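Here's a quick briefing for anyone opening this structure cold. We'll go through the rings, the nonpolar cores and the charged pairs.

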Amino acid sequence: QVQLVESGGGVVQAGDSLRLSCAASGRAIDTYAMGWFRRAPGKEREVVAAISWTGNNIYYADSVKSRFTISRDIAKNTVYLQMNSLKPEDTAVYYCAAVDTGQFDYVMFGTYEYDYWGQGTQVTVSS
């Protein structure tokens with residue numbers, strides 16, 4: 001079992017930055033693909049960014065490209081999402097997710113592809 005705990009959310013103004021962290025416990029996530037998702041009010045959960053276990057493969061949703069950066073620190077068993085130039089439409093609950101891809105260096109996009117989820121952290125961006 002893997003437990004994921006997100007942190008770093010908050011209330012900011014448009015144009016500000018935040019860094020979300022996802023700390024994993026229970027086992028090492030060095031062979032796990034990781035993803036950041038978000039759910040805005042009245043909308044379905046959507047992928048924001050995802051990273052393969054080596055970090056060599058990375059995906060960003062078009063809406064966050066050039067503004068968000070996903071990264072991972074294997075030694076700390078932690079994944080990060082640096083969010084710059086935040087917009088009101090980025091307001092959502094942000095979730096971290098993990099799935100063991102073993103020897104395959106895959107990046108995973110779909111919510112159904114992940115086995116473990118955190119409880120989420122709220123990000124609110126005011127205009």
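A residue is called buried under 20% relative accessible area, exposed over 50%, and partly exposed in between. Trp117 comes out at 25%, so this residue counts as partly exposed. Keep in mind that you're looking at a predicted model.

**Aromatic rings**

- The count of aromatic pairs comes to 6.
- One of them brings Tyr32 and Tyr116 together in a tilted arrangement, with 6.4 Å from centre to centre and 45 degrees between the planes.
- That pair ties together distant parts of the chain: Tyr32 belongs to strand β4 (residues 32–39) and Tyr116 to strand β10 (residues 116–117), 84 residues apart.
- Tyr32 is buried at 2% relative accessible area, and Tyr116 is buried too, at 17%.
- Tyr114 and Trp117 meet edge-to-face, their centres 6.1 Å apart and their planes at 65 degrees.
- Tyr114 is buried, at just 5% relative accessible area, while its partner Trp117 is partly exposed.
- Add Phe37 to Tyr114 and Trp117 and you have one aromatic cluster.

**An arginine over two rings**

- Arg45 lies over the face of Tyr95, 4.0 Å from the ring centre.
- The charged end of Arg45 also sits over the ring of Trp117, 4.6 Å from its centre.

**Nonpolar cores**

- The largest nonpolar core holds 31 residues, and Leu4, Met34, Trp36, Leu81, Met83 and Tyr94 have the most contacts inside it.
- Strands that each supply at least two residues of this core include β3 (18–25), β4, β8 (78–83) and β9 (92–100).
- Leaving aside residues up to four places away in sequence, Leu4 touches a list of residues that includes Cys22, Met34, Cys96, Tyr116 and Trp117.
- Another core lies apart from the largest one; it has 9 residues, among them Val47, Ala97, Val99 and Tyr114.

**Salt bridges**

- Across the whole structure there are 4 salt bridges.
- Arg38 pairs with Glu46, their closest N and O atoms being 2.8 Å apart; Arg38 is buried at 6% relative accessibility, whereas Glu46 is partly exposed at 36%.
- Arg38 also meets Asp90, at 2.9 Å from N to O.
- This second pair links distant parts of the chain, with Asp90 in the loop between β8 and β9 and Arg38 in strand β4, 52 residues apart.
- Asp90 is buried, with a relative accessible area of 1%.
- Asp62 and Lys65 form a salt bridge at 3.2 Å; Asp62 is exposed at 67% and Lys65 partly exposed at 44%.
- Through shared partners, salt bridges join Arg38, Glu46, Arg67 and Asp90 into one network.

Key
Residues numbered from 1 in each chain as written. Predicted model: local features only at pLDDT ≥ 70, side-chain atom pairs only at ≥ 80, totals over all residues. Heavy atoms only, no water. Phe/Tyr/Trp six-rings, centres within 6.5 Å; stacked < 30°, edge-to-face > 60°. Helix = DSSP H or I, 4+ residues; strand = E, 2+ residues; numbered from the N terminus. Buried < 20%, exposed > 50% of the residue type's maximum accessible area, 1.4 Å probe, protein only. Lys NZ or Arg CZ within 6 Å of the ring centre and 35° of its normal. Core = buried A, V, L, I, M, F, W, Y, C linked by side-chain atoms within 4.5 Å. Contact = heavy atoms within 4.5 Å. Salt bridge = Lys/Arg side-chain N within 4 Å of Asp/Glu carboxyl O.
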